[in-house]
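Student: I should like a close look at a single part of this structure, namely the surroundings of one helix in its interior. Please take me through it in one connected account.

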Amino acid sequence: MRITDIRDGVVPISSPIRNAYIDFSKMTASVVAVVTDVIRDGKPVVGYGFNSNGRYAASGLLNERFMPRLREADPASLLTDAGDNLDPRKVWATLMANEKPGGHGERSVAVGVIDMAIWDAVAKIAGVPLYRYLADTEGDGSHDDSVFVYAAGGYYYPSKDDRQLQDEMRRYRDMGYEVVKMKIGGASIDEDRRRIEAVLEIVGEGRCLAVDANGRFDLDTAIAYAKALAPYDLFWYEEAGDPLDYALQAELANHYDGPMATGENLFSHQDARNLLRHGGMRPDRDWLQFDCALSYGLVEYLRTLALLPDYGFTTRNVIPHGGHQLSLNIAAGLKLGGNESYPEVFAPFGGFADEIRVENGRVGLPDAPGIGFEHKQALIDCMREATAT
């Protein structure tokens with residue numbers, strides 16, 4: 001067997017929303033299709049991948065470095081020892097050949113897009129959903145039948161007032177989500193406090209609300225918000241400071257007793273390890289948000305997960321950023337703590353299979369080979385169109 005083609009495209013996911021740091025008026029995403037000569041149901045197996053929101057399309061890196069390496073590789077060098085499937089680790093090594101260590105930025109996004117497509121193809125070739133494949137090959141043979149998910153939204157939006165914010169959160173609750181998340185740090189602390197209290201009127205109690213500052217705060221501001229947030233007993237206080245400012249995160253733990261979350265903007269297992277070493281994260285209450293699709297893909301993500309026990313954490317401390325189906329499969333197959341969801345933004349990449357509904361804050365998975373993209377019609381149509389020749 002062999003890879004016969006690899007194609008990419010760029011899809012706009014722009015919208016007028018903003019968080020505390022950026023707006024999404026020009027946001028794009030890369031889509032990749034890896035075509036194989038394996039035939040299932042009369043058609044070649046195609047694996048699809050895309051990058052999570054928040055980082056732009058990586059088409060330059062894909063076309064200049066990473067896709068050419070895959071095309072030029074000896075097909076046999078990309079296969080398992082048995083020769084019956086692609087080997088994601090061998091593919092990953094090929095992609096990263098002649099790359100210096102460090103510099104974990106947009107390069108990790110490009111590799112992550114291809115890696116997602118490879119795992120989709122691998123599970124399709126094996127004829128099983130990815131979560132089952134991961135449970136059998138990387139886990140303990142069992143998987144979670146459903147996954148905790150929270151609804152991420154609450155962005156700043158032109159002319160969006162408290163009532164519209166409440167309406168948004170009410171919709172999420174009506175969809176079956178129990179925990180919702182909103183943005184802070186893009187307004188004054190008094191305004192954000194008012195917005196939080198407006199949402200609490202809808203969700204009822206702090207444990208049903210997470211807040212996200214998107215790395216906006218310096219230490220003094222992070223502490224000021226910590227004091228303001230403490231009485232609400234929130235689900236978590238997310239990414240207060242710069243993702244690489246481990247000292248700020250560690251000091252913040254001395255001022256905020258409630259759960260905190262961070263890690264979505266760390267793109268390697270080395271950076272994740274530094275957070276665990278130096279960031280003051282507490283295994284008994286805090287959450288890790290590493291995003292597989294942004295951080296060199298699942299091959300690298302498995303290295304990150306392997307670090308957790310050394311620092312007192314388990315996979316149940318991990319709720320990935322991104323709200324995509326790859327992380328959902330990882331969460332079920334490797335028994336993570338849950339997954340993010342974007343019910344109303346970043347379409348069609350956010351959300352899950354069309355036939356699956358959120359119930360009591362949890363979501364199931366389709367029994368379909370691969371990641372399950374074919375069970376989300378708008379998404380598979382988009383990816384096929386973006387990568388059509």
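Tutor: A nonpolar core is here a set of buried Ala, Val, Leu, Ile, Met, Phe, Trp, Tyr and Cys residues joined through side-chain atoms within 4.5 Å. In this model, which is predicted, the largest such core has 139 residues, and those with the most contacts inside it are Ile 114, Ile 184, Leu 209 and Tyr 237. The element that gives the most to this core is α3, with 13 residues. In soluble globular proteins, nonpolar side chains tend to be buried together.

Ile 184 may serve as an example of a well-connected core residue. Leaving aside residues up to four places away in sequence, Ile 184 touches, among others, Ala 20, Tyr 156, Ile 196, Val 211, Phe 217, Leu 229 and Tyr 237. Its contacts also include Asp 192, Arg 195 and Asp 212.

The helix for closer inspection is α10 (297-307). This helix is mostly covered, with 9 of its 11 residues buried: Gly 297, Leu 298, Val 299, Glu 300, Tyr 301, Leu 302, Thr 304, Leu 305 and Leu 307. These buried residues pack against α2 (88-95), α3 (106-126), α4 (130-137), α9 and α11 (325-333).

Consider the contact with α3. Two packed helices are described by the angle between their axes and the distance between the axes. The axes of α3 and α10 come within 6 Å and cross at roughly 95°; the two helices are therefore roughly perpendicular to each other. On the α3 side the contact is made by Gly 112, Asp 115 and Trp 119, and on the α10 side by Gly 297, Leu 298, Val 299 and Leu 302. These residues divide into 4 nonpolar, 2 polar and 1 charged.

Helix α3 also meets α4. Here the axes come within 9 Å and cross at roughly 85°, which makes α3 roughly perpendicular to α4. Trp 119, Val 122, Ala 123 and Ala 126 in α3 meet Leu 130, Tyr 133 and Leu 134 in α4. This contact comprises 7 nonpolar residues, no polar and no charged ones. Trp 119 thus takes part in the contact of α3 with α10 and in that with α4.

Another neighbour of α10 is α9 (residues 269-278), in which His 269, Asp 271, Ala 272, Leu 275 and Leu 276 are buried. Seen down the axis of α9, these residues fall within an arc of 160°, so they line one face of the helix. Their cover includes α8 (246-252), β8 (260-262), β9 (287-288) and α10. Just after α9, Gly 280 takes a positive phi of about 65°.

Terms used
Residues numbered from 1 in each chain as written. Predicted model: local features only at pLDDT ≥ 70, side-chain atom pairs only at ≥ 80, totals over all residues. Heavy atoms only, no water. Buried < 20%, exposed > 50% of the residue type's maximum accessible area, 1.4 Å probe, protein only. Helix = DSSP H or I, 4+ residues; strand = E, 2+ residues; numbered from the N terminus. Arc of directions from axis to C-beta. Contact = heavy atoms within 4.5 Å. Axes fitted to C-alpha atoms, helices over the stretch in contact; angles between N-to-C directions. Parallel < 35°, antiparallel > 145°, perpendicular 65-115°, else oblique. Nonpolar A, V, L, I, M, F, W, Y, C, P; charged D, E, K, R; others polar.
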